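Colleague: Please pick one spot in this model and give me a close look at it, then work outwards from there to whatever surrounds it. I'd like it as one connected story rather than a list.

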Amino acid sequence: MKVLLTGANGYIGVRLLYELLKEDHEVVCAVRSASRLSVPDEVRSQVEIIEIDFLDLPEVNPIPADIDVAYYLIHSMTSSTESFDKMEADSATNFLEQLAHTSCKQIIYLSGIVNQDVLSKHLLSRKRVEEILSASDIPTTVLRAGIIVGSGSSSFEIIRDLCEKLPIMITPKWVNTKTHPIAIRNVMSFLIGVLGREVSYNQSYDIGGKNVLTYKQMMQQYSENRNLHLTILTVPVMTPKLSSYWLYFVTSTSYKLARNLVNSMSVEVVAKENSLAEDLGIELYTYKEALNMAFAKIEQNNVASSWKDSMVSGRFKYNINKFKQVPRFGCLRDAQTYKTEEPEEALNRIWAIGGNNGYYYADFLWKIRGYLDKLFGGVGLRRGRTNQTKIHSGDSLDFWRVLVADRQERRLLLFAEMRVPGEAWLEFEIDEDNVVHQTATFRPRGLWGRLYWYSMLPFHYFIFAGMIKHIATGK
């Protein structure tokens with residue numbers, strides 16, 4: 001089948017892409033920016049990539065006419081705390097408009113479980129999107145999930161941050177809300193299982209794992225799994241805003257996502273019983289089994305996707321291809337060179353920079369810069385990196401976005417998504433004489449931009465010198 005995959009750069013989208021290719025489907029990836037599709041070049045070569053923003057439609061519709069099935073995986077919860085529901089409704093409406101000229105026979109939408117009369121804004125938005133898609137002439141299959149547990153998922157990473165960082169937690173009463181976690185492996189099985197399945201046309205199904213748990217029980221079971229001692233003290237009053245800031249500063253989530261998550265955590269999310277898992281032959285996993293599978297992937301350094309790769313600074317939401325060419329004029333630079341006797345090892349160190357490996361010199365200063373960025377609403381260092389040794393164009397790397405990762409050319413180009421008064425690049429290259437070139441380029445915006453650069457010069461002097469020396473020599 002020819003499958004249109006929207007939201008292809010999201011946590012679910014990337015994983016579903018691999019599953020579709022395994023099944024030999026022809027895949028068209030619809031993304032706002034092709035440069036952010038975080039997959040290896042060999043995967044890119046197997047798919048068609050089209051750029052389309054369903055909130056700002058292009059003059060010419062790029063969606064091929066011979067599409068058989070379309071997955072709708074677009075969500076706007078990380079974009080706004082106020083208007084994401086309108087954005088999601090507009091996006092769904094525009095999606096149908098763009099799909100009208102195709103031969104699409106089925107839309108598959110991954111939604112959220114809605115089984116209470118009073119719903120959060122997030123769940124109401126999901127329900128509204130369901131209604132918009134289901135009202136079209138194209139048969140729609142809706143899968144409704146709650147908490148998705150897997151290596152790199154936002155729910156897993158938030159619980160991981162809380163339990164690993166806080167042995168004692170003072171929590172709001174929403175930790176006693178019931179939810180229905182499901183393993184990412186089960187989600188993939190359901191998404192693939194309903195593809196082209198006519199009996200699922202114009203149907204909606206709740207999907208959940210084997211356990212119904214409270215958020216408190218999920219954190220307790222996580223701590224048991226990791227042999228951590230955890231004490232949870234629940235207080236009756238903690239405002240949503242205070243809870244959001246608590247999640248924002250303790251975990252890797254953005255404030256916008258934290259606020260929308262907190263608003264949803266007071267609503268019980270439990271899947272209604274149905275026979276879909278049995279009909280598709282899917283074995284459901286427990287929460288503990290989902291945790292074990294997640295950590296197996298982490299320990300193997302084999303995390304296929306992370307929700308953080310699609311989390312960007314509000315300053316650079318759209319196409320960043322224009323930044324691939326580092327400007328030469330009107331810029332300030334710090335250029336360093338260092339001869340290496342071990343070019344392959346130096347290249348390995350370049351490819352492993354950031355995340356848990358740090359920046360090889362004065363890491364505490366990089367951490368301070370990350371905290372400052374987060375304090376002012378930036379992405380900070382919290383995104384880390386999905387894989388500790390492999391890197392691809394489009395990946396997020398701490399507060400950088402990878403623009404070029406060409407191992408054959410021995411070149412890595414990073415673009416800053418941190419909060420700075422201008423635009424910043426960090427480039428590494430090893431030439432034919434085995435000289436490592438490290439260049440920090442900054443294009444300032446106005447007087448504040450120049451003041452920022454010159455105020456950082458004393459730190460640049462020894463940070464960048466120490467970094468390139470370690471990259472070239474390992475010392």
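**A loop position and its surroundings**

Modeller: Let's start at Asn227, which counts as exposed because its relative accessibility is 73%, and the cut-off for exposed is over 50%. Bear in mind throughout that this is a predicted model. Asn227 sits in the loop between α7 and β13, just after α7. What would catch your eye on a Ramachandran plot is its backbone: Asn227 has a positive phi of about 55°, and it isn't a glycine.

Now step back into the helix that comes before it. Helix α7 covers residues 215-225, and its buried residues are Tyr215, Met218, Met219, Gln221, Tyr222 and Ser223. Those buried residues pack against two helices, α5 (154-165) and α11 (287-299), and against the strands β8 (168-171), β9 (178-179), β12 (213-214) and β13 (231-234). Note that β13 turns up twice here: the loop holding Asn227 lies between α7 and β13, and β13 is also among the packing partners of the buried residues of α7.

For a useful counterpart, go to Asp398. Asp398 has a positive phi of about 55° although it is not a glycine. Its loop is the one between β15 and β16. Here the accessibility goes the other way: Asp398 is at 3% relative accessibility, so it counts as buried, the limit for that being under 20%. The two strands flanking Asp398 pair with each other: β15 and β16 (residues 400-406) run antiparallel and are joined by two bridges. One residue pair to look at there is Leu397 and Trp400, with Trp400 in β16 as the bridge partner of Leu397.

Helix α12 (residues 343-351) packs on this sheet, where it touches β16, β17 (411-416), β18 (422-430) and β19 (435-444), and its direction makes about 155° with that of β18. Helix α14 (residues 446-473) packs on the sheet too, touching β14, β18 and β19, but its direction makes about 10° with that of β14. The sheet itself is open and has six strands in the order β14-β19-β18-β17-β16-β15, with antiparallel pairing. β14 (332-339) and β15 (396-397) are the edge strands; each has a single partner, so one side of each is left without a neighbour in the sheet.

There is another open sheet to set beside that one. It has seven strands in the order β3-β2-β1-β4-β5-β6-β11, and the pairing is parallel. The edges here are β3 (48-51) and β11 (203-207), each with a single partner strand, so one side of each goes without a neighbour in the sheet. On average, and ignoring direction, neighbouring strands of this sheet are turned by 20° against each other. Inside it, β1 (residues 2-6) and β4 run parallel and are joined by three bridges, and Val3 stands opposite Val69 in β4. Helix α6 (residues 184-193) lies across β4, β5 (106-112), β6 (140-145) and β11, at about 155° to β5.

Follow the chain on from α6 and you reach Gly196, in the loop between α6 and β11. Gly196 is at 25% relative accessibility, so it counts as partly exposed. Leaving aside neighbours within four places in sequence, Gly196 is in contact with Met1, Gln106 and Tyr201. Its C-alpha atom is 8.6 Å from that of Asp68, although the two residues are 128 residues apart along the chain. On the level of the protein, residues 24 or more positions apart account for 73% of the contacts with a separation of 6 or more.

Which parts of the model deserve caution? Among the elements, helix α9 (residues 255-264) has the lowest mean pLDDT, at 62, while strand β4 (residues 69-72) has the highest, at 97. Over residues 77-81 the pLDDT is below 50, yet beyond near neighbours in sequence this stretch has 19 contacts in the model. The protein's mean pLDDT is 86, with 85% of residues at 70 or more.

To put Asn227 in context, 57% of the 475 residues in the protein are buried, whereas Asn227 counts as exposed.

Notes:
Residues numbered from 1 in each chain as written. Predicted model: local features only at pLDDT ≥ 70, side-chain atom pairs only at ≥ 80, totals over all residues. Heavy atoms only, no water. pLDDT = per-residue confidence, 0-100. Helix = DSSP H or I, 4+ residues; strand = E, 2+ residues; numbered from the N terminus. Contact = heavy atoms within 4.5 Å. Pairing = 2+ DSSP bridges. Axes fitted to C-alpha atoms, helices over the stretch in contact; angles between N-to-C directions. Buried < 20%, exposed > 50% of the residue type's maximum accessible area, 1.4 Å probe, protein only.
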